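Thanks for making time. I have one structure to go through today, and I will keep to what can be read from the model.

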Amino acid sequence: LIIASGYISLVFSISEIVSALPFSGGAYGLARCTIGYYPGFLIGCCESMEYILYVSTSAISLSLMICSSFQISTEYSPLIWL
């Protein structure tokens with residue numbers, strides 16, 4: 001619950017800062033300017049999904065490395081995610 005409220009605060013802070021920028025650029029901004037609004041939106045969604053999947057696979061890989069280093073059963077790897 002504490003982590004979720006911290007994450008929500010982070011998201012709101014980032015959205016406040018990004019809204020102050022006139023043009024944030026990146027893959028979404030480039031696609032929006034070159035191929036249109038809806039393909040740019042789709043590319044922005046794909047980029048967000050890339051970041052989410054990267055973090056989740058990094059957490060899983062780290063927990064598996066810790067389990068193998070200390071000879072811990074992989075059944076306890078979700079506890080390491082916390």
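I will take confidence, then overall form, then three places in the chain.

This is a predicted model, so confidence comes before anything else. The mean pLDDT of the protein is 81, and 90% of the residues reach 70 or more. By element, confidence is highest in helix α3, residues 37-69, at a mean of 87. The lowest value belongs to helix α4, residues 77-81, at 76.

Now the overall form. The protein has four helices and zero strands, so from the N terminus the order reads α-α-α-α. The radius of gyration is 18 Å, while the globule rule gives 12 Å for 82 residues. The value is well over the rule, so the protein is more spread out than a compact globule. Along the principal axes, the C-alpha atoms fill a box of roughly 50 × 25 × 15 Å.

How much of the protein is buried? Of its 82 residues, 10% count as such. The accessible surface comes to about 6900 Å², and carbon and sulfur atoms account for 73% of that area.

The first place to look at is on the surface. Y7, I8, L10, V11, F12 and I14 make up a nonpolar patch there. Together these residues have about 610 Å² of accessible area. Y7, one of the patch residues, sits in helix α1, which covers residues 2-20. Is Y7 buried or exposed? Y7 has a relative accessible area of 55%; the cut-off for exposed is over 50%, so Y7 counts as exposed.

The second place is in helix α3, where we find S63. S63 has a relative accessibility of 1%. Buried means under 20%, so S63 is on the buried side. What lies 2.8 Å from a polar atom of the S63 side chain? That is the backbone oxygen of I60.

The third place is the loop between α3 and α4, which holds Q71. Phi of Q71 is near 50 degrees, a positive value in a residue that is not glycine. Q71 is exposed, at a relative accessible area of 68%.

To sum up, we have a predicted model with four helices and no strands, more spread out than a compact globule. Its surface carries a nonpolar patch that includes Y7, S63 counts as buried, and Q71 in the loop between α3 and α4 has a positive phi. That is all from me.

Key:
Residues numbered from 1 in each chain as written. Predicted model: local features only at pLDDT ≥ 70, side-chain atom pairs only at ≥ 80, totals over all residues. Heavy atoms only, no water. pLDDT = per-residue confidence, 0-100. Helix = DSSP H or I, 4+ residues; strand = E, 2+ residues; numbered from the N terminus. Patch = residues over 30% accessible without salt bridge, like charges linked within 9 Å, V, L, I, M, F, W, Y side chains within 5 Å. Areas by Shrake-Rupley, 256 points an atom, 1.4 Å probe, with all protein chains shown as cover. Salt bridge = Lys/Arg side-chain N within 4 Å of Asp/Glu carboxyl O. Buried < 20%, exposed > 50% of the residue type's maximum accessible area, 1.4 Å probe, protein only. Rg over C-alpha atoms; globule rule 2.2 N^0.38 Å. Polar contact = N/O pair within 3.5 Å; in protein donor to acceptor, adjacent residues only side chain to side chain.
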